Amino acid sequence: MVAVWVHLFAALWALVFGAVQLLSAKGSRRHRWLGWSWVLAMAVTAVSSFWLSGGLALLGPFSVIHLLSVWILVCLVISMLAVRRRRLDTHRNFLVGAYLGLVGAGLGTLAPGRLISGWLFGA
């Protein structure tokens, strides 16, 4: 159950502060600090997902959503390398894509039979 709470807290942090990042001015010290906290929250969210399982398993306890977690980790690495190389379009595109993946996964938790759906809507 600890993995669920770690995953949920990190995902909520990434969801809220990802939106703040998208709406804020870019390149400032605040953007960099908040960005690093967002990247850390996204990495924790993705990695902690490997301790969670649900329906639709593809390989052992892993499902399609775990493929998204791998993709998120790839996006984070590519975007960090891109910003260091001053490829800001690549940096932005991969991080916006990662954020949209988080939003999509979050919406998926509202599907009937999922844990969060049960907490929110009863099941």
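Buried here means under 20% relative accessible area, exposed means over 50%, and partly exposed is what falls in between. By that yardstick H31 is buried, because its relative accessibility is 17%. Keep in mind that this is a predicted model. The protein chain has five helices and two strands, and H31 is a handy place to start, since this residue also turns up among those closest to the centre of the second largest pocket.

**Overall fold**

- Going along the sequence, the elements of the protein chain come in the order α-α-β-β-α-α-α.
- The radius of gyration is 15 Å, which agrees with the value near 14 Å for a compact globule of 123 residues.
- Along the principal axes, the C-alpha trace spans about 45 × 30 × 20 Å.
- As for burial, 29% of the 123 residues count as buried.
- Take the contacts between residues at least 6 apart in sequence: 55% of them join residues at least 24 apart.
- The accessible surface of the protein chain is about 8100 Å², and carbon and sulfur atoms account for 73% of it.

**H31 and the second largest pocket**

- H31 sits in helix α2, which runs over residues 29-48.
- Leaving aside residues up to four places away in sequence, H31 touches Q21, A25 and K26.
- How big is the volume of the second largest pocket? It comes to about 680 Å³.
- That pocket is lined by 21 residues, and Q21, H31, V83, H91 and L95 are the closest to its centre.
- Helices α1 (2-23), α2, α3 (64-84) and α4 are the elements that each give two or more residues to this lining.
- Q21 therefore appears twice in this picture, as a contact of H31 and as one of the residues closest to the pocket centre, with contact meaning heavy atoms within 4.5 Å.

**The salt bridge in α4**

- How many salt bridges does a search of the whole structure find? There is one.
- The side chains of R92 and D89 form it, with an N to O distance of 3.1 Å.
- Both R92 and D89 belong to helix α4 (residues 88-108), and they lie three residues apart, about one turn of the helix.
- R92 counts as partly exposed because its relative accessibility is 44%.

**Loop residues**

- L52 is found in the loop between α2 and β1 (57-59).
- Is L52 buried or partly exposed? At 21% relative accessibility, L52 counts as partly exposed.
- Leaving out residues up to four places away in sequence, L52 touches A3, V4, H7 and H66.
- One of those contacts, A3, is 49 residues from L52 in sequence, yet their C-alpha atoms are 7.1 Å apart in space.
- G27 is in the loop between α1 and α2, and a relative accessible area of 48% makes G27 partly exposed.
- G27 and I78 are 51 residues apart along the chain, with 18 Å between their C-alpha atoms.
- R86 is in the loop between α3 and α4, and with a relative accessible area of 72%, R86 is exposed.
- The backbone of R86 deserves a look: its phi is near 65°, a positive value in a residue other than glycine.
- For context, most residues other than glycine have a negative phi.

**Two more helix residues**

- W71 lies in helix α3, and its relative accessible area of 44% puts W71 in the partly exposed class.
- W71 and A46 are 25 residues apart in sequence, and the distance between their C-alpha atoms is 9.0 Å.
- R29 is in helix α2, and at 62% relative accessibility R29 counts as exposed.
- R29 and S69 are 40 residues apart along the chain, and 28 Å separates their C-alpha atoms.

Technical notes. Residues numbered from 1 in each chain as written. Predicted model: local features only at pLDDT ≥ 70, side-chain atom pairs only at ≥ 80, totals over all residues. Heavy atoms only, no water. Helix = DSSP H or I, 4+ residues; strand = E, 2+ residues; numbered from the N terminus. Buried < 20%, exposed > 50% of the residue type's maximum accessible area, 1.4 Å probe, protein only. Salt bridge = Lys/Arg side-chain N within 4 Å of Asp/Glu carboxyl O. Rg over C-alpha atoms; globule rule 2.2 N^0.38 Å. Areas by Shrake-Rupley, 256 points an atom, 1.4 Å probe, with all protein chains shown as cover. 1 Å grid on protein atoms, 1.4 Å probe; cavity = no way out; pocket = protein on both sides within 12 Å on 5 of 7 lines; lining within 4 Å. Points joined across faces, edges and corners; volume = space filled by probe spheres on them.
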